[in-house]
Amino acid sequence: MIALDGVSLGIGGQPILHNVSLRIDAGKVLGLVGESGSGKSMTALSVMRLLPEAATLTGQISLEGRDLTALSERQMCAVRGADVGMIFQEPMTALNPVQSIGDQVAETLLVHGAAGRAEAARIARERLTRVGMSPDRFPLDRFPHELSGGQRQRVCIALAIALRPKLLIADEPTTALDVTTQAKILELIRELVREEGMGCLLISHDLAVVAQMSDRIAVMKSGEVVEHGPTSDVLEQMQHPYTRALFEASRHQPNRTHERNGDPLLEVREAVRDYPLKRARLFGPRPSFRAVDGVSLTIQRGESLGLVGESGCGKSTLTRAILGLEPLQDGSILLDGKPVTPEMPADLRRRMQVVFQDPYGSFNPRHRVRRLLAEPFHLTGRPADMEARLVEALESVGLAPSDLEKFPHEFSGGQRQRIAIARALVARPDLIVLDEAVSALDVSIRAQILDLLVELQARHGLTYLFISHDLTVVRAVTDRVLVMRAGRIVESGETEAVFAAPRNPYTQALLAAAPVLPAA
Amino acid sequence: MIHYTATRLLSLTLSLVAASLVVFAVVEVIPGDPAAYMLGLNAAPEAVEALRDELGLTGSLAERYFSWAGGMLRGDFGTSFTYRVPVADLVAQRLWVSVPLAIFALVLSTLIALPVGMLAAARRGRATDYGIMGATQLGIAVPNFWFAMLLVVLLAITWPIFPAGGFPGWDAGFWPALKALTLPAVALALPQASILARVMRSALIETLGQDYIRTARAKGLTEGQAIRNHGMRNAMIPVLTIIGLQFSFLLAGAIIIEKVFFLPGLGLLIFQGITQRDLVVVESVVMLLVFAVILVTFLVDLAYAAVDPRLRHGR
């Protein structure tokens, strides 16, 4: 129904896509996987012809016999939204914040002259109901900020399918969502494809999602499709070495030999953390929100403890309290028996370091690596052997001493995460908090960083608090796991035991929702 | 929305009280006796004493403040020392020139700036954009009185379409009065329009990079439709802020233009009040301007809420 034939794309002379050929049938899902920069999104935007001005597109993209590459911009506007609908990764920002959801869905019908105002509103109502946003619960005059991420993505789907397009392009539609929400959105997309007979191009970096959703899979690498075929064939045969490498990296299990020694390093006792909210009335009492509600946990020296939970469950708030950045309202946190508070002595603070999800955001772009790495010395004063320690930290994460003089933008995402780990190591901490530290990385880089973390743990006797929404990763690298929901720990235990036989219904739901790669 | 408006109203009232205290205090802390200061070095002691009485400078600090502030609330601004008429009347006359002039200039500036800014944003990085950016740079750099003189030479002397100066009053009819305000309004509007157009352009370009514009394009909107339907309203917050600031500025900042066109406006009144040491006039007009600025800020706050539902819903 839609076929890409020998599509190549260059932007400003830089080759982006090379000879991409794909086919998507009506009522079927084609999963397009690959790592960042492999050209997945550019393939989608080529179909939509929403490319930067300097782009040159060659080859054929035929939709029911019409070559889209030959259409004028005006003709393309008539195709977009009507014949091809598209949804994107970030539902939080994909909707206009100052327009009601009803208007945004109706607009698709109005710009194509498919309906008058009243009729468009009626169809918008019907389509929103179809995606699970029935107007009696979510009136059309709701604004995006009143909805959750999953609900917003449903609105995005409603406006993309308002005109019953022949092709739906979903570019990482669930990457920004929690696993349980992801499962529901994927289910919705699958139903819609089947019911409406649409073709669907599903783009994802997550092999498990693609494997579970697609009839056919195409694997992309550096702007080329390296493997393309029915899902079962691709998963069984994996003819291209890159496909195999991608699969192996996705379920990479670092070789953990390190032993925990049993005495407690960090103890959290009945921690409570309240946030003040806005006053409802001008002089009314100030309400507060309990983000962490009586949490107790112990991390043993040399252990890797996983903390999982969906967004808003309080895990980030708990992390900030553990790092001594925010005060507790009740309960206590002890590191090696000494109280952790925002006023704790610098030497205690030095013993806990943190690595965040987005290393680029946590580095000052105007500082060289030397200065970024030396930051923890604010806590301890500069040691005499500072230079040696910087080099040692950098080498232990696999970077060269010459990298000290470079700026953060000169590194790739994986290398920047190595720098962030080196910065944590420089202070010679006991505990490193890894807050979604590998979540933004491609699977192959993620596997390398996980190996690095395991190796550093063995070498330096480190203790890790591993916070993640990614259950696969947590299972691969932690000894024990805590499941958090609505400010409370609902389940805890040895990682393998919890994953193999979860007792709490919430943990069971979480594990059931997580897409799993079929065994090779 | 009620909560939002109530909060803004409360902050408006508090700012007004704070401002009145500051204005009052400034006159109080001027070294020496205001009456002696106003009359100059060679004044007779009896005259100073009489003026002190007239100015209400007798009594305790609190008494004086409350009688002054209370008078203001009733519309009694005191009597001008130089003009010997109630300041309220004096200011009212001037307001009939300054307020229409400020509104006229602001409307012109907005009408010029918004389309120009939109055009520059839509053609960003191309010749049209560079042309507009260059012109607005010039508009900001060149002082408005230079435009004023240029306009007089061209449109009042070479082609005598508009009067070169003076104000016939609104009694002379709507059109003659408006005609007299046209050249000053244009001269005031050009630099303001240049600033506003640049703000409009950068605010729009910022919104054009947002994800919802991409969503709109994926729905089938042309680039122009996406800018109009989705970009504009999101770009309005910074634009409204600048419009609010500009109105406050135009109300009292038109002094040089008033001078060039011989317009009896507020700016000139303050200027005369200061040079003639007429503290009653200065105090009252400053208070009035403070009130105008705070009121405009309040209106801009309400406009924010009208534009952005997130503010309405108190988040």
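**Exercise 1.** What distance separates the centres of domain 1 of chain A and domain 2 of chain A, taken over C-alpha atoms, and which residues supply the most of the area that domain 1 buries against domain 2?

*Solution.* The model is a predicted one. Begin with the bounds, since the domain assignment of chain A gives domain 1 as 2–250 and domain 2 as 255–278 + 286–351 + 429–446 + 457–514, with domain 3 at 362–428. Taken over C-alpha atoms, the centres of domains 1 and 2 of chain A are 35 Å apart. Turning to the contacts, 10 residues of domain 1 of chain A meet 11 residues of domain 2 of chain A, and the area buried between these two domains is about 1100 Å², with carbon and sulfur atoms giving 49% of that area. On the side of domain 1, A:Glu35, A:Asp178 and A:Val179 supply 45% of the area buried against domain 2, more than any other three residues. The count of salt bridges between the two domains is 0.

**Exercise 2.** Decide whether A:Ser134 is buried or exposed.

*Solution.* First locate A:Ser134, which lies in the loop between α5 (117–130) and α6 (149–160) of chain A. Its relative accessibility is 18%, and because buried means under 20%, A:Ser134 counts as buried. Leaving aside residues up to four places away in sequence, A:Ser134 touches A:Leu128 and A:Thr129.

**Exercise 3.** Determine which helix of chain B gives the most to the nonpolar patch, and classify B:Leu154 by its accessibility.

*Solution.* The surface patch, with about 750 Å² of accessible area together, includes B:Phe145, B:Trp159 and B:Leu154. Helix α7 (residues 144–158) of chain B gives the most, with 5 residues, and B:Leu154 is placed in this helix. At 37% relative accessibility, B:Leu154 counts as partly exposed.

Technical notes. Residues numbered from 1 in each chain as written. Chains lettered and ligands numbered in written order. Predicted model: local features only at pLDDT ≥ 70, side-chain atom pairs only at ≥ 80, totals over all residues. Heavy atoms only, no water. Patch = residues over 30% accessible without salt bridge, like charges linked within 9 Å, V, L, I, M, F, W, Y side chains within 5 Å. Areas by Shrake-Rupley, 256 points an atom, 1.4 Å probe, with all protein chains shown as cover. Salt bridge = Lys/Arg side-chain N within 4 Å of Asp/Glu carboxyl O. Helix = DSSP H or I, 4+ residues; strand = E, 2+ residues; numbered from the N terminus. Buried < 20%, exposed > 50% of the residue type's maximum accessible area, 1.4 Å probe, protein only. Contact = heavy atoms within 4.5 Å. Domains from an automatic or database assignment. Buried area = accessible area lost by both parts, 1.4 Å probe.
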